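Here is a walk through one protein model, from its sheet to its ligand shell. Keep the sequence and the coordinates open while you read.

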Amino acid sequence: MNVTDLFSVQGRVAVVTGGSSGIGLMICQALVRNGVKVYLVALASDPIEETVRELNELSRDGGSAEGYPCDLSCKESIHEFAQIISRKETHLDMLISNAGIRRDPPVACNVLTASLAELQASMWSSRPSDWTDTFAVNTTAHYFLSVALLPLLAAAAEKTTTTTTTTTKGRDEGRGVIVVTSSCASMHNVTNVDLTSYATSKAATDHLVRLLAAKYSRFYVRVVGINPGFVPSKMNPVGAQGNIFSALFDKVPARRAGNADDLAGTVLYLVSKAGAYVDGVSLCVDGGRILLANGQE
Ligand SMILES: NC(=O)c1ccc[n+]([C@@H]2O[C@H](COP(=O)([O-])OP(=O)(O)OC[C@H]3O[C@@H](n4cnc5c(N)ncnc54)[C@H](OP(=O)(O)O)[C@@H]3O)[C@@H](O)[C@H]2O)c1
């Protein structure tokens with residue numbers, strides 16, 4: 001055993017959603033730099049072409065990127081995307097189902113100090129569509145995307161690699177895996193900002209990880225979750241003026257926000273041979289945040 005073989009993803013095929021920014025982009029960069037063919041999925045309004053060009057400039061060991069616009073809140077769009085990939089590939093080694101949104105109440109308040117009337121006004125200002133949109137992207141999309149791509153993922157798990165001395169199944173090398181991006185917000189009860197619809201959708205997502213892992217277990221298509229803490233992105237512009245979390249970054253035990261290496265290390269572990277025996281669990285990557293974020297800040 002050596003570390004390079006254990007964590008190798010060279011020659012694999014991946015779909016990464018929400019790949020044009022933030023955590024998705026960090027994951028795409030790690031994969032393309034390590035020899036993976038990445039299909040990047042993002043909204044048509046995102047800078048897909050520009051991101052794909054930049055990713056291909058990072059390419060090493062045969063890694064590459066192609067971009068596809070797809071609105072993941074629409075089942076029909078997911079179906080069309082899956083058909084495109086199915087025509088191009090015989091198998092899919094990994095689905096990084098990462099896209100997500102957060103819809104804060106239009107009327108903000110400090111939940112720790114607000115009067116009852118202020119708290120009620122803030123919470124009531126949430127629109128029903130904020131909740132349905134959030135669940136459509138943060139929870140439901142993972143379900144339909146995983147179902148649509150299941151045959152390709154199962155083919156990767158079943159694929160055999162033969163050398164002069166051994167024959168190995170893809171599943172034993174970590175192939176055929178779904179990594180769902182949840183959030184550590186599903187695991188704590190922070191109250192100083194109101195993330196209720198977001199955190200609720202992510203808690204549902206954590207259970208979805210276990211449900212899908214059980215559903216796909218006969219084919220050993222693994223399903224795992226990652227639950228990041230604070231990571232710089234469009235959704236969480238760490239360092240920007242007015243960020244609602246800015247008072248909290250120094251309170252994380254790690255005393256910093258997460259970075260590209262933290263996310264890359266986690267994902268490379270889960271999708272490679274190193275993670276081939278990990279299924280149906282959610283891995284918190286939050287610098288220790290949930291140890292302390294327990295109903296206060
Ligand atoms: N950054 C953090 O601190 C943090 C912490 C915990 C968990 N997360 C999770 O990490 C994941 C990635 O978020 P991020 O922080 O990297 O934020 P981000 O930079 O905003 O990335 C999310 C991406 O998903 C895309 N997206 C949204 N709705 C979509 C849809 N219907 N179809 C296709 N793509 C869609 C977004 O496009 P638009 O920008 O055009 O909407 C964006 O490119 C999310 O699931 C988020 O909940 C983030």
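A residue is buried if 20 or more other C-beta atoms lie within 10 Å of its own, with C-beta atoms placed from the backbone. By that count, both faces of β8 are covered. Arg 222, Val 224, Ile 226 and Pro 228 are buried on one side. Val 223, Gly 225 and Asn 227 are buried on the other. That makes seven buried residues of seven in β8. Bear in mind throughout that the model is predicted.

Now place β8 in its sheet. The sheet is open and has seven strands, in the order β3-β2-β1-β4-β7-β8-β9. Pairing is parallel. β3 (64-69) and β9 (282-285) stand at the edges. Each has a single partner strand, so one side of each is left without a neighbour in the sheet. From one strand to the next, the twist averages 20°.

Helix α8 (residues 260-271) packs on this sheet. The helix touches β4, β7 (177-181), β8 (222-228) and β9. Its direction makes about 150° with that of β7.

Follow the pairings across the sheet, beginning at β1. Strand β1 (residues 13-17) runs parallel to strand β4 (residues 94-97), and three bridges join them. Ala 14 has Met 94 as its bridge partner in β4. Next comes the pair β4 and β7, parallel over four bridges. Here Met 94 stands opposite Val 177 in β7. So far, then, Met 94 has appeared as a partner of Ala 14 and of Val 177.

The next step is from β7 to β8. These strands run parallel and are joined by five bridges. Val 180 has Gly 225 as its bridge partner in β8. Thr 181 stands opposite Ile 226. The last step goes to the edge: β8 and β9 pair in parallel over four bridges. Gly 225 appears again here, with Ser 282 as its bridge partner in β9.

How are the faces of β7 and β9 covered? In β7, five of five residues are buried. Val 177, Val 179 and Thr 181 lie on one side, Ile 178 and Val 180 on the other, and both faces are covered. In β9, one face is covered and one is not. Ser 282 and Cys 284 make up the covered face. Leu 283 and Val 285 make up the uncovered one.

Turn to the nonpolar interior. In soluble globular proteins, nonpolar side chains tend to be buried together. In this model, the largest nonpolar core has 65 residues. Those with the most contacts inside it are Ala 14, Ile 27, Cys 28, Val 38, Leu 40, Leu 153 and Val 179. Helix α6 (residues 128-158) gives the most to this core, with 10 residues. A second, separate core has 10 residues, among them Cys 184, Tyr 198, Ile 290 and Ala 293.

Val 179 is a good place to look inside the main core. What does Val 179 touch, not counting residues up to four places away in sequence? Its contacts are Met 94, Ile 96, Ser 97, Val 224, Ile 226, Val 267, Leu 270 and Val 271.

Two loop residues come next. Ser 183 lies in the loop between β7 and α7 (196-215). Is Ser 183 buried or exposed? Ser 183 counts as buried because it has 28 C-beta neighbours inside 10 Å. Leaving aside its neighbours within four places in sequence, Ser 183 is in contact with Lys 202, Asn 227 and Pro 228. Lys 202 is 19 residues from Ser 183 in sequence, and their C-alpha atoms are 6.2 Å apart.

Ile 244 sits in the loop between β8 and α8. With 15 C-beta neighbours inside 10 Å, Ile 244 counts as partly exposed. Arg 175 is 69 residues away from Ile 244 in sequence and 38 Å away in space, C-alpha to C-alpha.

Finish at the ligand. There are 29 residues around it, and Gly 18, Gly 22, Gly 100, Ser 233 and Met 235 come nearest. Helix α2 (residues 22-33) gives the most to this shell, with three residues. By class, the shell has 12 nonpolar, 14 polar and three charged residues.

Definitions and conventions
Residues numbered from 1 in each chain as written. Predicted model: local features only at pLDDT ≥ 70, side-chain atom pairs only at ≥ 80, totals over all residues. Near = placed C-beta within 6 Å. Nonpolar A, V, L, I, M, F, W, Y, C, P; charged D, E, K, R; others polar. Core = buried A, V, L, I, M, F, W, Y, C linked by C-beta atoms within 7 Å. Buried ≥ 20, exposed ≤ 12 C-beta atoms within 10 Å, placed from the backbone. Contact = placed C-beta atoms within 7 Å. Pairing = 2+ DSSP bridges. Axes fitted to C-alpha atoms, helices over the stretch in contact; angles between N-to-C directions.
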